[in-house]
Amino acid sequence: MNQNILCIGAGYVGGPTMAMIALKCPETRVTVVDVNAERIAAWNSDALPIYEPGLDEVVRQCRGRNLFFSTEVEKGIEACDILFVAVNTPTKTFGHGAGYAADLQYWEKTARLIHDCAKGDKIVIEKCTLPVRTAEAMSRILHSGRTPHHFEVLSNPEFLAEGTAIADLTNPDRVLIGADATPSGRQALSVVADLYARWVPRERILTANVWSSELSKLAANAMLAQRVSSMNALSALCEATEADITEVAHAVGMDSRIGPKFLKASVGFGGSCFKKDILNLVYLCETYNLQEAAEYWRQVVLVNEWQQSRFVGNILQALFNTVAGKRIALLGFAFKADTGDTRESPAIRVARMLVEEHAQVVVCDPQALANARRDVADLGDRVVFEADPYAATKGADAVAILTDWTCFRELDYGRVLAGMRQPAFLFDGRNCVDHEALYELGFSVYAVGKPSRSRLD
Ligand code: NAD
Ligand code: UGA
């Protein structure tokens, strides 16, 4: 094995990205370490800790050959030449910047551990998403004291989306590597670029200065989320005017300057990163006294929260302004299809708001029930969990589709309707089923950004 790579953090990013490097660079030894022993045990088992289409196959091919999962963080640091840091960087929940700034404690612990355990020079790569200029702090920590070693800190943010991680990693739009314009920076950059060049065309491997690279990651997420919030803001206007958001998105997206992707109105965006990264951007803007810029980005998050409240408001209004004691089936709890991840899923807020209204909530999801149970554990028996969608919707007054899983699109809605209390309501938070057909079947149908089809009119 001619290179020894270590990744600290075996999460949604560390696991799949390292599995892909191991797959494409069979002569490289790749070790992924984590302090979470349960997670590492799962990576070493047949039941991987995350659900991601195609991931099992990649891990099966490489694990034990040149891909290893371990809890031996210190040993891993000693042995590696190249080190990726993919630990979590959540929003701070305490002290200065609470609710906005990135909580860098896990990242800093890692930096100090690298400093303490390294026995030679290393390339240290920020894989996690960090505030702009964090590499500077990392370099200071790594070089503190009288360390004889040189650490070259690079930024290589990850752009994969959950649910499509393997496809995104196999065929990325771009790989971004930020490095210092020093001889050692350029040397490290070429080592990392060569690694990706094993399967990514050279023209898609972008280089930048470290600060641009760090900021580009926040910027990309903010702009993606902003598109969704723009469409969601327009969806409210569509509902008020009988315009149809799908038609508007199609017309707008045909403009080649705008493009058709990421224009789907929904119950709101979720996921561990959009909200966190935008709030991080807001905090950065405020730190540099750029109040207007901060307010601009903050609005993307506020519109997202408003959209979720609006969705529940629509349910309440349609169900004669009371859902107390009514059974409401939530089809989908994951923040998007093809993942079991529920972090910041709009379903969490929707479930909570419905319980506040004294509804009896039933949650159904093909991959996310374990996470959902944890997310709303404090709601006790006001939320129940059911893997079978027909059982979940049985006796329900309303069905709300919150994740666009294929299995929910393909349900036998005649059977669903027959099991429900009448009149039966369907709220499509993902605009993913045939509203006309469901209305004809007998549902009152409410979609996002579309005229409602109420059977009681
Ligand atoms: P995660 O919470 O799934 O995984 C992080 C892992 O790091 C955890 O298993 C945790 O135990 C481990 N860890 C924390 N401190 C550690 C330490 N000192 N030593 C060893 N292990 C430690 O997080 P994630 O979703 O993989 O995200 C990681 C980073 O990547 C974040 O900065 C995120 O913003 C960014 N990112 C995430 C995605 C995504 O799709 N989830 C995509 C792009 C970028
Ligand atoms: C997002 C980005 O797409 C990735 O490039 C980035 O690497 C990642 O965040 C990250 O930094 O964590 P992810 O959150 O996994 O990826 O999933 P997305 O496909 O971006 O979806 C995010 C949310 O937006 C989902 O809830 C999705 O349903 C919603 N969405 C997306 C819409 O409501 N409408 C759309 O048109 C697109």
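## Close-ups of a predicted model

**View 1. Helices α12 and α13, packed together.** Helix α12 (residues 291-318) packs against helix α13 (residues 346-356) at an angle of about 45°, and their axes are 10 Å apart. That angle is why α12 counts as oblique to α13. The crossing of this pair, α12 and α13, is right-handed. Keep in mind as you look through these views that the model is a predicted one. If you wonder what the two numbers are for, packed helices are described by the angle between their axes and the distance between the axes.

**View 2. Helices α9 and α10, another packed pair.** Here you see α9 and helix α10 (residues 245-253), with axes 9 Å apart and an angle of about 130° between them. So α9 is oblique to α10. As for handedness, α9 and α10 make a right-handed crossing. Hang on to α9, as this helix turns up again in the next view.

**View 3. The surroundings of ligand 2.** There are 20 residues around ligand 2, and the ones that come nearest are Phe 159, Leu 160, Ser 266, Phe 335 and Arg 430. Which helix gives the most to this shell? It's α9 (residues 210-241), which supplies four residues. Sorted by class, the shell around ligand 2 holds eleven nonpolar, six charged and three polar residues.

**View 4. Polar contacts of ligand 2.** Look for two lysines here: a polar side-chain atom of Lys 217 sits 2.8 Å from an oxygen atom of ligand 2, and an N or O atom in the side chain of Lys 336 is also 2.8 Å from an oxygen atom of the ligand. Leu 263 joins in with its backbone, where an N or O atom lies 3.4 Å from an oxygen atom of ligand 2. How much of ligand 2 does the protein cover? On its own, ligand 2 has 700 Å² of accessible area, and the protein covers 88% of that.

**View 5. The surroundings of ligand 1.** Ligand 1 is surrounded by 25 residues, with Asp 34, Arg 39, Thr 89, Glu 162 and Lys 276 the closest. By class, this shell is made up of ten nonpolar, eight polar and seven charged residues.

**View 6. Polar contacts of ligand 1.** Arg 39 puts a polar side-chain atom 2.7 Å from an oxygen atom of ligand 1. Glu 162 has a polar side-chain atom 2.8 Å from a nitrogen atom of ligand 1. Val 35 uses its backbone instead: an N or O atom there lies 3.4 Å from a nitrogen atom of the ligand. The protein covers 91% of the 830 Å² of accessible area that ligand 1 has on its own.

Note on methods: Residues are numbered from 1 along each chain as its sequence is written. Chains are lettered from A and ligands numbered from 1 in the order in which they are written. This is a predicted model: local features need pLDDT of at least 70, side-chain atom pairs count only at pLDDT 80 or more; totals for chains, interfaces and linings use all residues. Side-chain values use heavy atoms; hydrogens and water are left out. A residue is near a molecule or strand if one of its heavy atoms lies within 4 Å of it. A polar contact is a pair of N or O atoms within 3.5 Å; within protein, one must be able to donate a hydrogen and the other to accept it, and residues adjacent in sequence count only if both atoms are side-chain atoms. Accessible areas come from the Shrake-Rupley method with a 1.4 Å probe; for residues, only the protein chains shown count as cover. Helices (H or I, at least four residues) and strands (E, at least two) are DSSP runs, numbered from the N terminus. Ala, Val, Leu, Ile, Met, Phe, Trp, Tyr, Cys and Pro count as nonpolar, Asp, Glu, Lys and Arg as charged, and the others, Gly among them, as polar. Axes are lines fitted to C-alpha atoms, for helices over the stretch in contact, and angles run from 0 to 180 degrees between N-to-C directions. Angles under 35 degrees count as roughly parallel, over 145 as roughly antiparallel, 65 to 115 as roughly perpendicular and the rest as oblique. A crossing is left-handed if the near helix is turned anticlockwise from the far one by less than a right angle, and right-handed if clockwise.
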